[in-house]
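Q: I would like to learn how to read a protein model step by step. Could you take me through one, giving the general idea before each case?

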Amino acid sequence: MPPRLARHLPFLRWPRPTAALLRGEALAGLTVGLMVIPQGVAYAQLAGMPLVTGIYAAMLPALIAVLFSASARLSVGPTALSCLLIHASLAPLAAPGSPEWVALAVWLALLSGALQVVLGAARFGWLLNIVNAPVLMAFTQAAAVLIIVSQLPALLGFNGDWARMLAAPSIHPVAAAFGLAALALLMGARRWKPTFPTVLVVVLAAAGISWAMGFEANSGRVVGPLPQGLPAPYLPGWPGWQVLGQLVMPTLVITLVSFLETASSAKVDSQRKGERWNQDQDLIGQGLAKIASGLSGAFPTSSSFSRSALNLYAGAQTGWATVFSVAVVLAALLVFTPVLRHVPQAVLAAIVLAAVVGLLKPREFTRLWRISRVEAAIAGATFAVTLLAAPALYWGVLAGVLGSLSYFLYQRLHPRIIEVGLHADGSLRDRHLWKLPPLAPQTYALRMDAALDFATAAQFERNVAEFLAVRPGTRHVCLFAQPINRMDATGAEAFARLTAQLAQQGVTLHVAGMKLPVELVLRAAGALGPQAAPRLYRTDAEAVQALRDLALPPDPHDLPAAAI
């Protein structure tokens, strides 16, 4: 098989199916398929979409994703975080569940999918690393809080939204009983036996009890009738340039967040298989899945961490498990949808809450505070902005990204430059931190733990100049350059300028451990020429010994006879 073909068509690398392999894959696919059916309906409600589109989003998109993604054991379909972003993005533009809403959700799927395919094909997956772990953690937890708040009215049987309840409280006690009982069963079963299809059992039991007691006839809110049969191809109408412009920012955020959801699962899967994660191919596969979801009349999909973990826990080895899962969802769509009609909406809210509660990890902020207070502050700001800016959740992501990039830029502009001394263990360490004597008399020995480029060159020159101004008797400056692994044109100019200035002041520049890429740049810039050239040493030990030899008084036996 040509390697290039296998790279672009990952399913060609699947192992040849055997009876034993297919039995295990069928069991894993059945487990995930039974879970994704009620979850898909619940998440579609969260996204403000027709409920059946949650099942559509778990069929063709999942099949396309597993065929074209490098991570074949991920479960692709509706996810709570993506559905919340969809609802928040479209709330100012249309009424939930309306034809305009559905068309705009499809456009979100097509645009975000096309963007992911382009990024993956151009091998630009590294761009998604602009969102670091603290920002994603804070945004996810804020989104979880918003999801919980949005689902509590349905879970507790409120007869209206929060505003109406605060003005005139009115609760449907039976709906509240359905919701709370379902939530308790789902949370308990997660600890008892994760692979048991508790979600399906709870949905079937709730549907049966609801039908038997006439819950819908007594003003109870239920799922209602769902269309049967395969989804028809859906081509959305042109929304106009103005509306399309309003979808740009939500498209970027959905693309970013959904793929970060994928990354969290894909990295675990790749580590277990002992392989390198191919993020660009996963971008292509996930993008094609979103496009397939849009053409099915559904909404943007993503990789579900909980269902992917369940897939691995159930013993899935290859993408065949997803194929069986899709078959289970297809069979349910053809014969199971009439049963869902009597399911109370409070039970759907419980399904969403059971999946989202696990995202709330307040201790992560405390742990992050111990690691880095600046990053903890950025995470806290991301959390707060996400909550305060709702439903425009993208402001939370932007605040976090801007804060992280600003902190990164500040660190680059303020590199760590220390004066080193010789420690008792033979290593070179911060002289002032460890209270070490100078490396040699009349010597400034320094180390910069950063690249010497446009961001650090000014600080590097300033540091040396300030030291010489305070200690004018300095005759040697030794740069331990091992940590400097890169130099650009600005850095080369700064190095040459510093070398010339030191030579004019009668100060000798010594450089130890210069790496070859840095040396090649300096030679190309003419900074290592015969005039005012620094003294180069391959190792730190050579430089230390040379500096100490220079500090020793000359041996009388080595002096010429005329000088004695």
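**Reading the chain**

A: Let us begin with a single residue: Arg123 is placed in the loop between helix 6 (99–121) and helix 7 (133–155), where helices (H or I, at least four residues) and strands (E, at least two) are DSSP runs, numbered from the N terminus. This is a predicted model, in which local features need pLDDT of at least 70 and side-chain atom pairs count only at pLDDT 80 or more, while totals for chains, interfaces and linings use all residues. Residues are numbered from 1 along each chain as its sequence is written, and side-chain values use heavy atoms, with hydrogens and water left out.

Q: What is the phi of Arg123, and is Arg123 buried or exposed?

A: Arg123 has a positive phi of about 60° although it is not a glycine. For the second part we need cut-offs: buried means under 20% relative accessible area, exposed over 50%, and partly exposed in between (1.4 Å probe, protein chains only). Arg123 counts as partly exposed because its relative accessibility is 48%. Gln442, which is not a glycine either, has a positive phi of about 55°, and Gln442 is found in the loop between strand 4 (428–430) and strand 5 (443–448).

Q: Which residues does a cis peptide bond join?

A: The bond joins Ala390 and Pro391, with omega about 10°. Pro391 belongs to the loop between helix 19 (373–389) and helix 20.

Q: How many helices and strands are there in the chain, and what does the chain span along its principal axes?

A: The chain contains 24 helices and 8 strands, and its C-alpha trace spans about 120 × 65 × 50 Å along the principal axes. The radius of gyration is taken over C-alpha atoms, and the globule rule is 2.2 Å times the number of residues to the power 0.38. A compact globule of 564 residues would have a radius near 24 Å, whereas this chain has 31 Å.

Q: Which residues of helix 4 are buried, and what do they pack against?

A: As a general idea, an α-helix has 3.6 residues a turn, so residues three or four places apart point the same way. In helix 4 (residues 60–68), the buried residues are Pro61, Ala62, Ile64, Ala65 and Val66. Taking contact to mean heavy atoms within 4.5 Å, these buried residues pack against helix 3 (53–56), strand 1 (76–77), helix 13 (279–295) and helix 15 (320–335). Thr322 lies in helix 15 and, leaving aside its neighbours within four places in sequence, is in contact with Ala62, Val66, Ala72 and Leu74. Thr322 counts as buried because its relative accessible area is 7%.

Q: Which residues have the most contacts inside the largest nonpolar core?

A: A nonpolar core is a set of buried Ala, Val, Leu, Ile, Met, Phe, Trp, Tyr and Cys residues joined through side-chain atoms within 4.5 Å. The largest has 99 residues, and those with the most contacts inside it are Phe299 and Val347. Not counting residues up to four places away in sequence, Val347 touches Phe178, Ala182, Val202, Val203 and Ala206. A second, separate core of 29 residues includes Leu468, Leu479, Val511 and Leu522.

Q: Where does Leu413 lie, and what does Leu413 touch?

A: Leu413 lies in helix 20 (residues 394–413) and, not counting residues up to four places away in sequence, touches Ala455 and Gln459. Leu413 is partly exposed, with a relative accessible area of 38%.
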